[in-house]
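Student: Could you take a close look at a single part of this model, starting from one pair of residues and working outwards to what surrounds it? I would like a careful, connected account rather than a list.

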Amino acid sequence: MAAMVEAQGVVLQFGDRRALDGLTLTVNEGETYGLIGPNGAGKTTLIRAIAGLIAPTGGSLTVLGQRMPSRTVAAKIGYMTQLEALYNDLTVAENLRFFATLFGMAKSVQRERMAELLALINLSDREDSIVSTLSGGLKQRVSLAVALIHKPRLALLDEPTVGVDPELRLAFWDYFARLAAEGTTLIVSTHHLDEAVRCDRLGMVRAGKTIAEDTPQHLMAATQATTLEEAFLHIARQDDGMAGNEYRVSSVQNTTP
Amino acid sequence: MLERVGIIALRILWQFRRDRRSLALVFVVPLIVMTLMTALIRSGGQSLEMAVTGPGVLPGVTPIVPEGAVKLKEIGAKSAEQAVRDGDVYAVLTIPREGASGATLIVDGSDPGRTEGAKQITRLLKIAFGGGAASAAGIALAQPVPTTYLHAGPQFTTTDTLAAALLGLFVILFTYLLSAVGVLRERSQGTLERLRASPATTTETVLGYLGGFLFFGIAQSVIVLGFFVGVLRIHHSGNLALVLLVQTLLVIIGVALGLVFSTVSANELQAVQLIPLIIVPQILMSGVIWPVTTLPIVLKQLAYVLPLTYAVDALRGVMIRGAGLGGIALDLIVLCGAAILLLAVGTRALGRQAA
């Protein structure tokens with residue numbers, strides 16, 4: 001399997017803060033890769049670096065064979081942020097149409113694709129609503145649609161299911177499975193372990209480094225844990241031990257199955 | 001590339017068609033402001049009200065007094081001083097029995113402009129009625145001088161000069177404001193980041209902004225110009241297509257200024273706060289109200305650095321002096337240069353905005 005994303009010792013320095021401290025991971029083409037870790041661990045920074053928004057200050061980051069940052073692969077990447085990042089004074093449909101055209105999607109297929117995504121996010125009847133009139137949760141759904149509208153080969157989703165109700169969350173992940181079946185590579189950061197379990201591989205990020213990278217099953221086996229939560233707590237404590245610090249494990253919260 | 005530039009420009013149009021206040025700002029405010037100014041200027045609100053009395057007043061005064069500049073009034077039985085104190089007239093010229101050489105003038109004094117006007121009328125009348133036998137010669141001297149107008153004509157007023165300048169001012173003000181706010185909103189909404197993560201380059205984004213605002217800039221110019229000429233009956237001499245050319249360059253400069261200053265502003269209020277710094281000095285120094293040549297040395301040098309100075313000169317050149325392309329060539333070259341330079345700076349500034 002070809003590597004879609006290759007991070008080798010990536011360092012990202014913001015002034016005096018090291019957001020990424022020699023991070024290494026690989027995401028293979030077509031797989032669904034879950035990013036787990038505490039807030040502030042560097043998941044969002046990593047995702048933004050993969051999206052080409054920030055340049056690594058050290059190490060190497062390659063996406064689709066291109067050293068990042070690089071604009072040539074931009075059209076093949078879909079990116080969803082934690083901020084909704086939508087045009088608040090435009091309608092849902094206008095937002096989708098704008099980004100579809102921007103990412104090079106032909107006008108002839110836009111209508112159909114928009115309908116498909118609006119159905120997924122359950123907003124088919126709100127396509128002419130101005131975004132500022134939507135609630136936060138609805139805006140987030142639109143944001144997901146915008147990230148996926150142009151059928152990207154690599155979808156970068158930063159906590160896409162925060163604040164989403166359980167039924168819709170399931171619908172999203174069923175859609176992600178469909179995308180994966182079509183060959184799309186997904187990198188999803190999440191705090192929900194029931195979602196993590198659906199990923200092909202997981203990368204656990206802590207303090208700007210990857211401390212574990214494997215399939216959910218292997219992780220559980222290696223730590224002799226019965227649940228993924230146990231596995232992570234174990235790994236985190238091990239990491240604490242190795243680093244020799246007093247860091248209190250607060251990762252892997254909200255484990256509502 | 002064209003598709004991306006096109007959709008960004010189109011998006012700006014989508015955003016504005018729903019923003020009624022911005023539309024009013026761009027299309028309605030210039031019309032209202034200009035109508036008010038025209039009404040004020042044309043109604044002769046600055047006309048001097050004066051009375052000429054006394055036993056020495058001869059018939060034949062009225063034709064000598066310049067039409068429109070002075071309104072002659074009667075003060076009846078009141079004393080000269082009382083009439084001025086009461087505000088009936090601004091000045092009273094009293095001609096004694098001996099003749100105009102001994103005339104005395106009483107003025108209110110609170111408006112130096114009108115005081116000067118009253119003095120000039122007095123001098124005119126003294127010449128006309130100075131000496132008994134020389135009256136006829138005097139009256140002949142005081143007749144209006146045949147005047148040859150190299151440009152414009154007697155029907156042109158301050159309104160026309162002002163209109164030409166305001167045309168340029170409105171477009172640069174509004175494009176600066178709306179484009180600065182547009183970029184800042186993109187930054188705070190997070191869509192600027194999405195643009196950066198997309199195949200669209202910074203140049204394409206800037207071109208898209210230019211496209212969208214050019215549409216509004218030209219539309220505004222056409223509507224405002226049409227209103228000036230058709231409704232307010234502003235006089236104009238030259239080729240209006242050249243006017244649109246100048247306006248186009250001003251739109252580009254306005255958008256570039258918006259880009260540059262949006263990068264030093266944290267929010268929309270700050271962009272507005274910059275208006276007294278960027279726009280108002282240009283209004284005062286670029287010749288909109290006072291000619292550039294009359295400015296003190298230091299300010300005059302500064303005026304020659306401001307884009308609006310050249311735009312106002314070009315607009316007046318076309319609309320009042322009927323200049324052709326050759327006549328405003330220098331202004332156009334400077335404006336083009338400013339547009340290109342500012343656009344380059346603006347593009348770099350936008351590109352360097354790390355999210």
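**From one strand pair outwards**

Tutor: In this predicted model, Met204(A) stands opposite Ala212(A), which belongs to strand S10(A). The strands around that pair are S9 (residues 201-206) of chain A and S10(A), which are joined in the antiparallel sense over 5 bridges. In general, strands of a sheet pair through backbone hydrogen bonds, and they may do so in either the parallel or the antiparallel sense.

Stepping back from this pair, one finds an open sheet of 6 strands in chain A, ordered S6-S7-S8-S3-S9-S10, in which the pairing is mixed. Strands S6 (77-80) and S10 (209-214) of chain A take the edge positions, and because each has a single partner strand, one side of each is left without a neighbour in the sheet. From one strand to the next, the twist averages 15 degrees.

Two helices lie across this sheet, and their contacts can be followed strand by strand. Helix H1 (residues 43-50) of chain A lies across S3 (32-36), S6, S7 (154-158), S8 (185-189) and S9 of chain A, and its direction runs at about 150 degrees to S7(A). Helix H5 (residues 166-181) of chain A lies across S3, S7 and S8 of chain A, and runs at about 150 degrees to S8(A).

Chain A also has an open sheet of 4 strands in the order S2-S1-S4-S5, with antiparallel pairing. Here S2 (17-28) and S5 (66-67) of chain A stand at the edges with a single partner strand each, so that one side of each is left without a neighbour in the sheet. Strand S1 (residues 3-14) of chain A is joined to S2(A) by 9 bridges, the two running antiparallel, and in S2(A) the bridge partner of Phe14(A) is Arg17(A). H1(A) packs on this sheet as well, touching S1, S2 and S4 (58-63) of chain A, with a direction that makes about 65 degrees with that of S2(A).

Beyond the sheets comes the interface between the chains, where 29 residues of chain A are in contact with 25 residues of chain B. The area buried between the two chains is about 2500 Å², with 58% of it given by carbon and sulfur atoms. Of the area that chain B buries against chain A, Trp14(B), Gln189(B) and Arg194(B) supply 29%, more than any other three residues.

The polar side of this interface comprises 17 residue pairs in polar contact between chain B and chain A, both residues being at pLDDT 80 or more, and the count of salt bridges between the two chains is 3. In a salt bridge between the chains, Arg48(A) meets Glu193(B), with the closest N and O atoms 2.5 Å apart. On the side of chain B that touches chain A, the elements giving two or more residues are helices H1 (2-17), H6 (158-189) and H7 (191-196) of chain B, and the largest share, 8 residues, comes from H1(B). By character, the residues of that side divide into 8 nonpolar, 7 polar and 10 charged.

Over all chains, the count comes to 22 salt bridges. Within chain B, Arg4(B) forms a salt bridge with Glu204(B), the closest N and O atoms being 2.7 Å apart. Because Arg4(B) lies in helix H1 and Glu204(B) in helix H8 (residues 202-230) of chain B, this pair ties together parts that are 200 residues apart in sequence.

Terms used: Residues numbered from 1 in each chain as written. Chains lettered and ligands numbered in written order. Predicted model: local features only at pLDDT ≥ 70, side-chain atom pairs only at ≥ 80, totals over all residues. Heavy atoms only, no water. Pairing = 2+ DSSP bridges. Axes fitted to C-alpha atoms, helices over the stretch in contact; angles between N-to-C directions. Contact = heavy atoms within 4.5 Å. Buried area = accessible area lost by both parts, 1.4 Å probe. Salt bridge = Lys/Arg side-chain N within 4 Å of Asp/Glu carboxyl O. Polar contact = N/O pair within 3.5 Å; in protein donor to acceptor, adjacent residues only side chain to side chain. Nonpolar A, V, L, I, M, F, W, Y, C, P; charged D, E, K, R; others polar.
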